Amino acid sequence: MDFLNDPLKVTAEWLEGIFGAWGMNAAFAHVLVVFLGVLLLLVLLMVVDIFLVWMERKVVSRFQDRIGPNRVGPYGLIQPFADIIKLVIKEDITPNGADRALYNLAPILSMMAVLMVWAVVPIAPVILGTDLNVGVLFLIAAGAIGTLSIIMAGWGSNNKFALIGGFRQVAVMVAFEVPMLTMLLIPTIFAGSMNMNAMIQAQDKIWYFVISPLGALIFLIAVIAELGRAPFDLAEGESELVAGFNTEYSGMKFGMFYAGELLHAMTFGGIWAILFFGGYRFFGLEQVSPFLAAAIFLAKALIGYWIIMWVKYTMVRIRIDQMLAFNWIFLTPLSFVLLMVTALMNALLRGTPSWVYGIGMFFSNVILAWLALEIARSVSRKEREKIEGAKPLAEAHH
Amino acid sequence: MTPEKIIFLIVAGATLVSALMVVTTRNIVHAAFWLIAALFGVAAIFAILNAGFIAVVQVVVYIGAIAILFIFAVMLTRKDLRDTSAQQNRNWQAGALIAALTFGGLAALFQSWEKLSVAAPAIPSSFDAVAELGSQLTSPSAYVLPFEVASVLLLAAMIGAVYIAFTRK
Amino acid sequence: MNEWLYVALFMIVGAIIPIGAILAGAILSPKKPNPIKQSTYECGIEPVGDAWVQFKVQYYIFALVFLVFDVEAVFLFPWAVKLGQLGLYAVVEGIIFISILVVGLLYAWRKGMLEWS
């Protein structure tokens, strides 16, 4: 077997051979090799994470018509390392009355919840942690641990801003988890599996974005809310809640929340690509080399991350009542209807040629989106008229 | 002792310690977090048993939703989060005796049950528990009625919760 | 080998990395605590009262509605996995299942429980 075709397996067998020659138990050697592999992957991710700091700062400054970091190293590339040194040597303050155990556990769990997601993310056909047959549900399970870390931070800080910010964030996260779960069901229906690698394999003819554009859009909205990014970043509405649940954190503990948030955004960019844009697939190029496939996946993940940033730096923050109403009254019912329509259309169009299937699924999504927007518009017009009173016709035209 | 057994004993021990902490800690929020640890330990035991779907469901439902509900309920109801009353009442000796007898009786019963020591047959690699569950849940000759009744049950739970909160307002 | 061992390793390493980073910070950073620095942050004003504040009943309702839909999704995942191989009747069963729960959502909405008033 060639290293270039299956790098993980070749390296693992080579290392296990070495460890075996040292007289190590075969099973133990295997676990040790897997441990080293996981360590390598997660450390590489942390390195990527460091450059995400630079990327995020560069992108936001371009959106705001600035240049961004450009002094430390070429194009400011060394800037994030300076930031890290600063974070490491900052004094770590634990506020009075903090619940120390929970306060210290929260940043660790926050980072762990993001890193453990990569156990099921297929980076290339042969580069993946494990092929869990419950892959997509595992994402939600990891998200549950992230939610817990926010409650811990909010509660443990003994600070009103942190507590209110944390609870608001959690209310938003659990609210938007409903459309997210529902949208995870749609690729599951298409692929007939919850395994992420099987989902990518099943997208050989057509990306799921084409047959479920509305699903991809709702999933993206839910992801942005899960991440707590604008326009859903009310937990850190700085004019009222300072920085939300991490108000009291400083030094490296704050750094863990910050790095975790950025890596979380890129991870979900990657998961969006896996579920709706074929993951590491790109017109057969992924067959050439697993390294090329990994590069394709990374590129797609960064594009997803860029879209999340694009939304963040374009939209204004909405109020918590608007946001929860938007979820419970609009997004959740819409996602249920979409799920039912998708299941029905998928069953009805199953025997038809693939172009009929694709067009049928696409237009059922478009029609549903149009209907939902029309209903929302008429309802909100009525609400507005109830509040403001009916306007004269001439004025209404302007 | 196989490595699997060692892992099981560690996880089971951690679960039991967490469960004990739930009832002994005086801080109600800590009790909620120890409960989460115990629930997570149960999920790990499911994973050791190769019941991956149940393990993930345990985390998603119990830690992701029920634990959050507990914590919200704690924040809603109690102003004094520290329990200062005595943790035992005068019946604790009788309670301990009954618990010990129950445990001993169950242990004796299971010792005499020969199926306890039978090794479980290996799961064939083609077996997909989730797909099997799916076909059982939708098959009219199997569990389709419980599947739909579960939905009615969830509806009842939601209406009940809304009703309680509504009248309190 | 049990595939969950991989997941366990990811969780262990995923915890080791932040613990290492925080320990590095603890070793390298100065420690000069004083009462004012350690007081709870409240925009530079001395903190008033307890951090405990009364929460709205809405949080509880949202968590409960979420719990219901969470359990619903758990039931639907096996259904979705098998759907491609089953006939139209399975789709109808799923639609009935979801519709019953949408009734509950409508009820909560009509009662004004989903509004942040």
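In this predicted model, chain C exposes about 5,300 Å², and carbon and sulfur atoms supply 69% of that surface. Burial is also substantial in numbers: of the 117 residues in chain C, 52% count as buried. The chain holds four helices and zero strands, and its elements, read from the N terminus, run α-α-α-α. When contacts in chain C with a separation of 6 or more are considered, 59% of them come from residues 24 or more positions apart.

Chain C meets chain A in a contact that takes 67 residues from chain C and 78 residues from chain A. The size of an interface is often given as the accessible area lost when the parts come together. For chain A and chain C, the buried area is about 6,500 Å², with carbon and sulfur atoms giving 80% of it. On the chain A side, A:Glu91, A:Lys160 and A:Trp328 supply 11% of the area buried against chain C, more than any other three residues. As for charged pairs, the count between chain A and chain C is zero salt bridges.

Aromatic rings offer another view of the assembly, with 26 aromatic pairs over all chains. One of these joins B:Phe72 and C:Tyr59: the ring centres lie 5.4 Å apart and the planes meet at 65 degrees, so the pair is edge-to-face, a class that calls for an angle over 60 degrees. The pair crosses between chains, linking helix α3 (residues 52-77) of chain B, which carries B:Phe72, to helix α3 (residues 57-82) of chain C, which carries C:Tyr59. Both partners fall under the 20% cut-off for a buried residue. The relative accessible area is 3% for B:Phe72 and 4% for C:Tyr59. Within chain A, a further group of rings comes together, as A:Phe63, A:Trp306, A:Trp310 and A:Tyr313 form one aromatic cluster.

Chain A also provides a helix whose length can be checked by simple arithmetic. Helix α5 (residues 135-156) of chain A has 22 residues, and at 1.5 Å a residue these should span 32 Å. Since the expected span is 1.5 Å times one less than the number of residues, the first residue adds no step of its own. The end C-alpha atoms of α5(A) are 32 Å apart, which agrees with the expected value. This helix is mostly covered, with 22 of its 22 residues buried. After α5(A) comes A:Asn158, whose phi is positive, near 55 degrees.

Terms used:
Residues numbered from 1 in each chain as written. Chains lettered and ligands numbered in written order. Predicted model: local features only at pLDDT ≥ 70, side-chain atom pairs only at ≥ 80, totals over all residues. Heavy atoms only, no water. Phe/Tyr/Trp six-rings, centres within 6.5 Å; stacked < 30°, edge-to-face > 60°. Helix = DSSP H or I, 4+ residues; strand = E, 2+ residues; numbered from the N terminus. Buried < 20%, exposed > 50% of the residue type's maximum accessible area, 1.4 Å probe, protein only. Contact = heavy atoms within 4.5 Å. Areas by Shrake-Rupley, 256 points an atom, 1.4 Å probe, with all protein chains shown as cover. Buried area = accessible area lost by both parts, 1.4 Å probe. Salt bridge = Lys/Arg side-chain N within 4 Å of Asp/Glu carboxyl O.
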